[in-house]
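Thanks for making the time this morning. I would like to walk through one model with you, going from single residues outward to the whole chain, and I will try to be careful about what can be read from it.

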Amino acid sequence: MFPTTPGRCDPALQGLYTPLCALLAAFSLLALLSAPALAHAVAEGDKGYIQEITGIHILPFVYLGAKHMVTGYDHILFLLGVIFFLYRMQHIGLYVTLFAIGHSTTMLLGVYFNIGINSYIIDAIIGVSVVYKALDNMGAYQRWFGVQPNTKIATLIFGFFHGFGLSTKIIEYDISPDGLIPNLLAFNVGVEIGQLLALGAILIVMSYWRRTDSFWRHAYTANVVIMTAGFVLIGYQVTGWFVS
């Protein structure tokens, strides 16, 4: 049921070599090859830009926010888990809005009030969010504990942690207080644009897969792959915390 080699689908998925299978394999490979602190890191060039500029720069910060979300595989894995079994657009919109509210709130407040959390710890918690949602999709909590957690509350709470992951990195880069609020708001707008772009790509793949007979046969295995990627993220961050 688990991937046998990085970047390849489980044999159970061999008959389902759809774009989703390739997407999950790419996420697994990326997680395996990434350094511990990269889950919310900003590229070195972007880091230098953030540190050097002063004043209001709306469009550059919109771009940086969108770039962060589109390349933030931990965010995308969580979003994939959240919408995995959602079919109606109003339901998808509700959950994505809850995640956006949580993410935006802690990112903005965290930077403004200089609330930093150890990056290894917060990124490990973000890995936990990926594992949590995959287990939820697999029906684990109902089988193990006989209860179903409130998925809306969980999405909002984990959104808070995802936002703290980014705010922690921004604080480390010592962004200029000159123009801070407009730049942060622009960055957040970019994050939401990037989220919509990533979500659109996921929905295209999911809508294609759901039209095939293999969706229900392999949905469980796909969530095992998502869960495994989450555990890899947790392991990297915990290891980095102990050796740093």
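Val131 is buried, with a relative accessible area of 7%, and its place is in helix 6. Since this is a predicted model, I should add that helix 6 is where confidence is highest in the protein, at a mean of 96. Which residues does Val131 touch, once those up to four places away in sequence are not counted? They are Tyr141, Met227, Gly230, Phe231 and Ile234. In C-alpha terms, Val131 is separated by 7.5 Å from Thr228, although the two are 97 residues apart along the chain. Val131 counts as buried because its 7% relative accessible area falls under the 20% cut-off.

Let me move on to helix 10, which covers residues 214-243 and holds Gly240. Gly240 is buried as well, with a relative accessible area of 3%. From Gly240 to Ser119 the C-alpha to C-alpha separation is 9.8 Å, while in sequence the two residues are 121 apart.

Next comes the loop between helix 5 and helix 6, where we find Asn114. Asn114 is not a glycine, and yet its phi is positive, at about 55°. As background, most residues other than glycine have a negative phi. Is Asn114 buried or exposed? With a relative accessible area of 55%, Asn114 is exposed.

Gly116 lies in that loop too, between helix 5, residues 89-112, and helix 6, residues 119-137. If we leave aside its neighbours within four places in sequence, Gly116 is in contact with Thr168 and Ile171. The C-alpha atoms of Gly116 and Glu172 are separated by 8.4 Å, with their positions 56 residues apart along the chain.

Staying with helix 5 for a moment, Thr97 lies there, and its relative accessible area of 42% makes it partly exposed. Thr97 and Gly159 are 62 residues apart along the chain, and their C-alpha atoms are separated by 9.9 Å.

How many of the 11 residues of helix 4 are buried? The count is 11 of 11, over residues 73-83, so the helix is mostly covered. Among the buried residues of helix 4 are Asp74 and His75, alongside others including Tyr73, Phe78 and Gly81.

Now to the interior space. The structure holds 1 cavity of 30 Å³ or more, and about 30 Å³ of space lies in the largest cavity. Its lining is made up of Ile50, Phe61, Ile170, Ile175, Leu184 and Phe187, which divide into 6 nonpolar residues, with no polar and no charged ones.

Stepping back to the whole protein, the secondary structure comes to 10 helices and 0 strands, so that reading along the sequence gives α-α-α-α-α-α-α-α-α-α. Of its 244 residues, 53% count as buried. When we take contacts between residues at least 6 apart in sequence, 84% of them join residues at least 24 apart. The protein exposes about 11300 Å², and carbon and sulfur atoms supply 68% of that area.

Finally, a word on confidence, which I would ask you to keep in mind before using any of these coordinates. The average pLDDT of the protein is 84, and 82% of the residues score at least 70. Over residues 1-19, however, the pLDDT is below 50, even though this stretch has 37 contacts in the model beyond near neighbours in sequence. Confidence is lowest in helix 1, residues 19-33, at a mean of 50. Residues 29-39 also stay under 50 in pLDDT, and for them the model has 24 contacts beyond four places in sequence. Where pLDDT is low, the predicted coordinates should not be read in detail. That caution applies to the contacts drawn for residues 1-19, where pLDDT is below 50, and to those drawn for residues 29-39, where pLDDT stays under 50.

Methods
Residues numbered from 1 in each chain as written. Predicted model: local features only at pLDDT ≥ 70, side-chain atom pairs only at ≥ 80, totals over all residues. Heavy atoms only, no water. 1 Å grid on protein atoms, 1.4 Å probe; cavity = no way out; pocket = protein on both sides within 12 Å on 5 of 7 lines; lining within 4 Å. Points joined across faces, edges and corners; volume = space filled by probe spheres on them. Nonpolar A, V, L, I, M, F, W, Y, C, P; charged D, E, K, R; others polar. Helix = DSSP H or I, 4+ residues; strand = E, 2+ residues; numbered from the N terminus. Contact = heavy atoms within 4.5 Å. pLDDT = per-residue confidence, 0-100. Buried < 20%, exposed > 50% of the residue type's maximum accessible area, 1.4 Å probe, protein only. Areas by Shrake-Rupley, 256 points an atom, 1.4 Å probe, with all protein chains shown as cover.
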